[in-house]
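Here is a short briefing to read alongside the model. Take a moment with the fold, then follow the topics below in whatever order suits you.

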Amino acid sequence: MPGLLNLPSEAGWERYSQLMQVMLRYVGELLTVPGIQVAEHLYKGALRIMLLLHSDFPEFLAENYVQLCNAIPAHLVQLRNLVLCALPQSIAELPDQFTPGLKVDRLDEMKKAPIIAGNVMAPLERDGLKDVVDKALQKGSNLDDGVSQIRQILCNPPASQVGPIAATGSVDISELNALVLYIGQDALALSPGKFDPSSPHSELLYSLAQALRPEARYQFLNAIANHIRYPNTHTNYFSKTLLHIFGTERMDQQDSEIRQQIVCVILERLIGHR
């Protein structure tokens with residue numbers, strides 16, 4: 001690990017990230033098969049490796065979090081939380097969230113975009129998803145048609161793309177994660193540091209939460225929560241996105257289910273980390 005990750009100019013980071021992704025997918029698949037005793041030992045080994053990375057190479061986890069989360073199945077909550085709570089060494093400590101009068105929006109760190117390693121947007125090109133999203137974000141476009149096309153692409157991926165660990169939800173996780181990140185980055189490029197609930201980006205994310213089936217919606221909400229990490233522009237935008245989807249108005253049955261799933265996703269982050 002040190003041999004690869006200490007190479008000059010981060011030359012070994014991409015290769016080590018690829019090795020980590022192979023390991024995480026392999027362990028995740030083994031844990032879905034009952035009766036394989038060695039799977040538990042391999043999981044503990046993967047957890048120890050992740051703890052070492054979290055302690056000695058937090059920047060590696062912080063910059064490669066998208067690709068690592070693509071490889072971590074939903075049921076491995078602790079591994080995902082270790083990736084997402086990694087702090088770059090440039091951030092000495094997190095602000096105390098219970099400080100009276102704390103205005104998170106005014107933190108200097110909230111104005112800085114995070115570094116994301118790798119070509120994490122490549123999955124958008126796989127099924128023409130990027131063109132559909134770009135069209136849905138244009139002014140005057142039919143949002144319902146765009147949401148319907150996006151849902152069709154996300155929820156009916158070829159079996160070769162989904163893999164056994166995601167077969168129950170039938171959603172291509174890497175494609176879903178890339179979609180959420182792309183919408184957020186596009187919104188921040190147009191309005192840096194701001195969240196506009198009436199923008200096409202916010203409306204698209206809200207409409208997708210309403211339109212997706214429960215299994216796919218759970219993965220969708222997880223994809224949003226993955227970007228709520230240390231203070232940066234993505235944390236600011238996606239935390240407000242999650243609050244916007246949660247809503248404050250009177251609920252019908254579907255809105256209640258969405259709120260329950262949001263609370264479930266947040267609790268998994270807190271309980272798993274403890």
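The notes below go through a pocket, some helices, a group of aromatic rings and a few loop residues.

This is a predicted model, so please read every value here as computed from predicted coordinates. The largest pocket has a volume of about 1,200 Å³, and helix 13 gives the most to its lining. Elsewhere, ring pairs link Trp13, Tyr16 and Phe60 into a cluster.

**The largest pocket**

- A good place to start is the lining, which is made up of 33 residues. Those nearest the centre of the pocket are Gln97, Ile228, Arg229, Thr235 and Leu270.
- Three elements give two or more residues each to this lining: helix 6 (77-84), helix 13 (233-246) and helix 14 (253-273).
- The contribution of helix 13 is seven residues, the most from any element.
- Sorted by class, the lining has 21 nonpolar residues, alongside six polar and six charged ones.

**Helix 13, from end to end**

- Helix 13 has 14 residues, and the distance from its first C-alpha to its last is 20 Å, close to the 20 Å expected at 1.5 Å a residue.
- At the N-terminal end, Asn232 acts as the cap: one of its side-chain oxygens lies 2.8 Å from the backbone nitrogen of His234.
- Which residues of helix 13 are buried? They are Thr233, His234, Thr235, Asn236, Tyr237, Phe238, Thr241, Leu242 and Ile245.
- When you look at that pattern, it may help to recall that an α-helix has 3.6 residues a turn, so residues three or four places apart point the same way.
- Just after the helix comes Gly247, with a positive phi of about 75°.

**Helix 11, for a second look at a helix**

- Helix 11 (residues 200-211) has 12 residues, which at 1.5 Å a residue should span 16 Å; the end C-alpha atoms are 16 Å apart, in agreement.
- Its buried residues are His201, Ser202, Leu204, Leu205, Ser207, Leu208, Ala209 and Gln210.

**The aromatic cluster**

- The structure holds four aromatic pairs. One of them joins Trp13 and Phe60 in an edge-to-face arrangement, at 5.7 Å centre to centre and with 80° between the planes.
- Trp13 belongs to helix 2 (residues 13-31) and Phe60 to helix 4 (residues 58-63), so this pair ties together parts that are 47 residues apart in sequence.
- Trp13 counts as buried, because its relative accessibility of 10% is under the 20% cut-off. Phe60 also counts as buried, at 0% relative accessibility.
- Phe60 pairs with Tyr16 as well: the ring centres are 5.6 Å apart and the planes are at 70°, so this pair too is edge-to-face.
- Tyr16 lies in helix 2 and Phe60 in helix 4, so the Tyr16 pair ties together parts that are 44 residues apart in sequence.
- Tyr16 is buried, with a relative accessible area of 10%.

**Positive phi in the loop before helix 2**

- For background, most residues other than glycine have a negative phi.
- Ser9 has a positive phi of about 55° although it is not a glycine. You will find Ser9 in the loop between helix 1 (2-5) and helix 2.
- Is Ser9 buried or exposed? With 77% relative accessibility, Ser9 counts as exposed.
- Glu10, also not a glycine, has a positive phi of about 55°, and Glu10 lies in the loop between helix 1 and helix 2.
- Glu10 counts as partly exposed, at 39% relative accessibility.

**Two more loop residues**

- Gly128 sits in the loop between helix 6 and helix 7 (129-137). Its relative accessible area of 29% makes Gly128 partly exposed.
- Gly128 and Ile150 are 22 residues apart along the chain, and their C-alpha atoms are separated by 9.7 Å.
- Val171 is found in the loop between helix 9 (159-162) and helix 10 (173-190). Val171 is buried, with a relative accessible area of 3%.
- From C-alpha to C-alpha, Val171 and Ile153 are 9.0 Å apart in space, and they are 18 residues apart in sequence.

Methods. Residues numbered from 1 in each chain as written. Heavy atoms only, no water. 1 Å grid on protein atoms, 1.4 Å probe; cavity = no way out; pocket = protein on both sides within 12 Å on 5 of 7 lines; lining within 4 Å. Points joined across faces, edges and corners; volume = space filled by probe spheres on them. Helix = DSSP H or I, 4+ residues; strand = E, 2+ residues; numbered from the N terminus. Nonpolar A, V, L, I, M, F, W, Y, C, P; charged D, E, K, R; others polar. Expected span 1.5 Å × (residues − 1). Buried < 20%, exposed > 50% of the residue type's maximum accessible area, 1.4 Å probe, protein only. Polar contact = N/O pair within 3.5 Å; in protein donor to acceptor, adjacent residues only side chain to side chain. Phe/Tyr/Trp six-rings, centres within 6.5 Å; stacked < 30°, edge-to-face > 60°.
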